[in-house]
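User: I should like to go through this model and ask, for each label applied to it, what the label rests on. Please set each value against the relevant criterion.

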Amino acid sequence: MTVPHQSTPPRAPQDKLPEDRRHMIRRRWLTAVIIVLLVGIPAGYLVISAGQSRDSGRDKERESSAAGLQANRPSQMKRRVFEVPIPAGAWDVAYYETSNWKTSRLYVQFTTTATGLDAFLAESGTSRAQLVPGHVTVSERDADIADWTFDDGPTGGTATPPTGGAATPAAVGTTAPATVGTSAPAAVGPSTGATEASGGATGATVWAGTTVTREEPRPDTDITVDLTDPAFPRVYAVSTTSP
């Protein structure tokens, strides 16, 4: 009788050496470091990003809620978006920006030289020849928002010569009947281009304005210039764009 040959049972795997305490501590420490890095780094980035976003939002909120003009130059990006090129060397620069769901406006004022004014007008797409004497193109609404006062001149939104009935500088060479008890003042009436170009009446502000109209979505710019001192004109500009 033949007894079947039985296969040799598989060897039991060789037992591993027991982990010593030093190796166990090192392994656990390395695992903890890896977990901290995997969790902590993304969390840190999120915290930093949230802080930067919050600070940026606060800065924008402070800027947008600032009362009146800010005595500073608008950023290069704002000047490019609103197409308001401030000439090099201009001083007394201030700006204010408003924005809503429909329109955004940038209010800018500065003083420059006669050459700087020509450069500003040229970069804005207009020229000194387009300035209408005696006309203020900045609307009363925009003037109130920017706290500008345009005395001795009509206000409006388009660069057209003023018509009768608006309060304008007294015209040189005109007279009016003397009032009892007072000297005879110059007649108050619509100013002429020649009057404004020559300086108007003594003490009167010499205004000139134009509106630069561009194709959408580019902004339109109302420009009003105080030419009382032709060597150092004062520029007031309101650029309006639709987001």
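Analyst: The model is a predicted one. A suitable starting point is its largest nonpolar core, which has 21 residues. Those with the most contacts inside this core are Val108, Phe110, Leu117, Phe120, Ile223, Val225 and Val235.

User: What makes this set of residues a nonpolar core?

Analyst: The term requires buried residues of nonpolar types, such as Val, Leu, Ile and Phe, joined through side-chain atoms within 4.5 Å. The 21 residues form such a set, and S1, S2, H3, S4, S5 and S6 each supply at least two of them. In soluble globular proteins, nonpolar side chains tend to be buried together. Apart from this core lies another, of eleven residues, including Tyr107, Val138, Trp148 and Phe150.

User: Which residues does valine 225 contact, leaving aside its neighbours within four places in sequence?

Analyst: Valine 225 is in contact with Leu117, Leu131, Val206, Trp207, Ala208, Pro233, Arg234 and Val235. Contact here means heavy atoms within 4.5 Å.

User: Why are S1 and S3 described as standing at the edges of the sheet?

Analyst: The open sheet has six strands in the order S1-S2-S6-S5-S4-S3, with antiparallel pairing. Strand S1 (91–99) and strand S3 (132–133) each have a single partner strand, so one side of each lacks a neighbour in the sheet.

User: How do you know that S1 and S2 are paired?

Analyst: Pairing calls for at least two bridges between the strands. Seven bridges join S1 to S2 (residues 104–111), so the criterion is met. Within this antiparallel pair, glutamate 97 has leucine 106 in S2 as its bridge partner. Helix H3 (residues 114–124) packs on the sheet and touches S2, S4, S5 and S6. The direction of H3 makes about 165° with that of S5.

User: What makes the pair of lysine 78 and glutamate 97 a salt bridge?

Analyst: The closest N and O atoms of lysine 78 and glutamate 97 are 2.5 Å apart. The limit is 4 Å, so the pair qualifies as a salt bridge. Lysine 78 belongs to helix H2 (residues 76–82) and glutamate 97 to strand S1, 19 residues apart. Side chains of opposite charge can pair when their charged atoms come close.

User: Why is lysine 78 called buried, and glutamate 97 partly exposed?

Analyst: Buried means under 20% relative accessible area, and exposed means over 50%. Lysine 78, at 14%, therefore counts as buried. Glutamate 97, at 22%, falls in between and is therefore partly exposed.

User: What does the salt bridge of glutamate 83 and arginine 218 tie together?

Analyst: Their side chains meet at 2.7 Å, N to O. Glutamate 83 lies in the loop between H2 and S1, and arginine 218 in the loop between S4 and S5, so the pair ties together parts 135 residues apart in sequence. At 45% relative accessibility, arginine 218 counts as partly exposed.

User: How do the accessibilities of the salt-bridged aspartate 142 and arginine 141 compare with the cut-offs?

Analyst: The closest N and O atoms of aspartate 142 and arginine 141 are 3.2 Å apart. Aspartate 142 has a relative accessible area of 5% and is therefore buried, the cut-off being 20%. Arginine 141, at 47%, counts as partly exposed because exposed means over 50%. Elsewhere, salt bridges that share partners join Glu83, Arg214 and Arg218 into one network.

Key: Residues numbered from 1 in each chain as written. Predicted model: local features only at pLDDT ≥ 70, side-chain atom pairs only at ≥ 80, totals over all residues. Heavy atoms only, no water. Helix = DSSP H or I, 4+ residues; strand = E, 2+ residues; numbered from the N terminus. Axes fitted to C-alpha atoms, helices over the stretch in contact; angles between N-to-C directions. Buried < 20%, exposed > 50% of the residue type's maximum accessible area, 1.4 Å probe, protein only.
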